[in-house]
Amino acid sequence: MTPEELVAHLQEVDASFVERSDIQFGQASVWVPRDKWQACGKHLKECGRCRFDMFNFMAGVDWPEQNEIEVVAHLYSVRRQHHLNMKIRVPREDGSVPTLSGIWRGANWQERETAELFGVGFEGHPHLVKLLLPEAFEGFPLRKDFLLMTREVKEWEGREEPGAPGSSPRPGRVPAASGQNPAKAGEH
Amino acid sequence: MSMTEERRAMFPGGPGEGMELVIAGEGELATEDMVLNIGPQHPSTHGVLRVVITLDGERITAAEPVIGYMHRGFEKLAEARDYRQIIALVNRHDWLSAYGNELGVALIVEKMMALEVPPRATWIRMLLTEWNRILNHLMFLGSYGLELGAMTPMFYAFREREEIQALMESATGGRLHFTSCRVGGLKEDLPKGFLKHSERLVKLIRHRLLDYEGLLLGNEIFKKRTVGVGVLPGSFVKD
């Protein structure tokens, strides 16, 4: 199915699956409400027309302005050769998403990784312990306000670091007003 | 809580803990569980992995892989760099197929910026990626054989790799981390005589592949250790 057909199909099956949809660069994304997250996943895997037999990977996106974390499940169908991004937004503090690990086995480790790197809980996950990070690691490294460890020790002169005090919430961009950061005030 | 679960709870198996060897009780060997750590090894060795296995005698009853020793937070590094700089980062992801990785970044940025790449650059990129892929497969053939006890294919693979690396070096200046892809095209055009040399190498390697076939597939030990071992059904792999 084409991205447009995929979105239309989901809306047809259950209009409540699709909160919002978007097609960019030839990829369809659907934002699924929390209470339909698992049902939608189950449908996508089991429906003969969708046949999403492969859980490609899961990613997180930090949106500090909205104080939300977006969880993105990248689904792919080897049989049908189409791709869909299933998205859900949760609050940054104590946000949690129902687990997909009962539907796709591959979601198990992906959810552990998203949990430790972004600080999102996965309800009903059978073994939600850290996957990549050491047991005692504190903080969620892929959130925008988490500083690179080397930069924390020594500032890289002339560079604006993601998460540094006074830096723009989106990295790589110049802050809106200069002189917000007392440490860098002299440079402007 | 069973005996096994109790042991595993004692050693949750996070990276950074030392090697532990626990021999359970004083009972009979075949009925008591044992928790063993395999690894971890130094990050510069390949396939860094620690496996916490639970043994009942000589039979493995549970295995918990502990990964993460090779994760260096590229996503975070990429946040602090621009697209051109990321190209030099990503070809370290898999340093045996560096070109494929840098091409991926270039393609995705071009897609986002709706940039059109000149046809010549597209074809050169494809040619270099394919050469890199062959380099990668040669390494696989060589080192996989080595790990299963066949030493010779490694030497053969490195003989071929050396020639291809010289070819790649003539075009990109690099032997491993080529960093020759650019958003919108390439760092530079191919040097004179590249295609002719390429053609010669293709013929040579195609011919020499017969040696590999004989060395690996004709090797009794290699076959004993691979045929029918660790077979996973397709649906399981995709799931």
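## Asn67 of chain A

In this predicted model, Asn67(A) is partly exposed, with a relative accessible area of 39%. That value lies between the two limits used for this label, because a residue counts as buried under 20% and as exposed over 50%. Asn67(A) sits in the loop of chain A that connects strand S3 (54–63) with strand S4 (68–77).

When residues up to four places away in sequence are left out, Asn67(A) touches Pro91(A), Arg92(A) and Glu93(A). One of these partners illustrates how folding can bring separate parts of a chain together: Asn67(A) and Arg92(A) are 25 residues apart in sequence, and their C-alpha atoms are 5.7 Å apart in space.

## Chain A as a whole

Chain A contains four helices and seven strands, and, read from the N terminus on, these elements follow the order α-β-β-α-β-β-β-β-α-β-α. Of its 188 residues, 45% count as buried, while the surface that chain A exposes comes to about 9800 Å², with carbon and sulfur atoms supplying 51% of that area. If one takes the contacts in chain A between residues at least 6 apart in sequence, 48% of them join residues at least 24 apart.

## Two helices of chain A

Helix H1 (residues 3–13) and helix H2 (residues 37–46) of chain A pack at an angle of about 120°, and their axes are 12 Å apart. H1(A) and H2(A) are therefore oblique to each other, and their crossing is right-handed.

On the H1(A) side the contact is made by His9(A), Leu10(A) and Val13(A), and on the H2(A) side by Cys40(A), His43(A) and Leu44(A). Sorted by class, the contact of H1(A) with H2(A) has four nonpolar residues, two polar residues and no charged residues.

## Chain B as a whole

Chain B has nine helices and six strands. Of the 239 residues of chain B, 36% count as buried, and the accessible surface of the chain comes to about 14300 Å², of which 60% belongs to carbon and sulfur atoms. Among contacts in chain B between residues at least 6 apart in sequence, those that join residues at least 24 apart make up 55%.

## Helix H5 of chain B and its partners

Helix H5 (residues 119–147) of chain B packs with helix H6 (residues 152–172) of chain B at an angle of about 160°, and the two axes are 9 Å apart. That angle makes H5(B) roughly antiparallel to H6(B), a label that is given because the angle is over 145 degrees. The crossing of H5(B) and H6(B) is left-handed, and, by class, their contact has 16 nonpolar, six polar and two charged residues. Residues of H5(B) that take part include Leu128(B), Trp131(B), Asn132(B) and Leu146(B), while those of H6(B) include Pro153(B), Phe158(B), Arg161(B) and Ile164(B).

H5(B) also meets helix H4 (residues 98–113) of chain B, where the two axes come within 8 Å and cross at roughly 145°. From H4(B), the residues in this contact are Ala98(B), Tyr99(B), Gly100(B), Leu103(B), Ala106(B), Leu107(B) and Glu110(B), and from H5(B) they are Arg125(B), Leu128(B), Thr129(B) and Asn132(B). The contact of H4(B) with H5(B) has, by class, six nonpolar, three polar and two charged residues.

## Two buried residues of chain B

Ile164(B) lies in helix H6 of chain B and is buried, with a relative accessible area of 0%. Not counting residues up to four places away in sequence, Ile164(B) touches Trp131(B), Ile134(B), Leu135(B), Leu138(B), Leu201(B) and Ile205(B). The C-alpha atoms of Ile164(B) and Asn132(B) are 8.3 Å apart in space, although these residues are 32 residues apart in sequence.

Asn219(B), by contrast with the helical position of Ile164(B), lies in the loop between helix H7 (194–217) and helix H8 (220–226) of chain B. At 18% relative accessibility, Asn219(B) still counts as buried, because the limit for that label is under 20%. Leaving aside its neighbours within four places in sequence, Asn219(B) is in contact with Ala150(B) and Gly214(B).

How values were computed
Residues numbered from 1 in each chain as written. Chains lettered and ligands numbered in written order. Predicted model: local features only at pLDDT ≥ 70, side-chain atom pairs only at ≥ 80, totals over all residues. Heavy atoms only, no water. Axes fitted to C-alpha atoms, helices over the stretch in contact; angles between N-to-C directions. Parallel < 35°, antiparallel > 145°, perpendicular 65-115°, else oblique. Left-handed = near helix turned anticlockwise from the far one by under 90°. Contact = heavy atoms within 4.5 Å. Nonpolar A, V, L, I, M, F, W, Y, C, P; charged D, E, K, R; others polar. Buried < 20%, exposed > 50% of the residue type's maximum accessible area, 1.4 Å probe, protein only. Areas by Shrake-Rupley, 256 points an atom, 1.4 Å probe, with all protein chains shown as cover.
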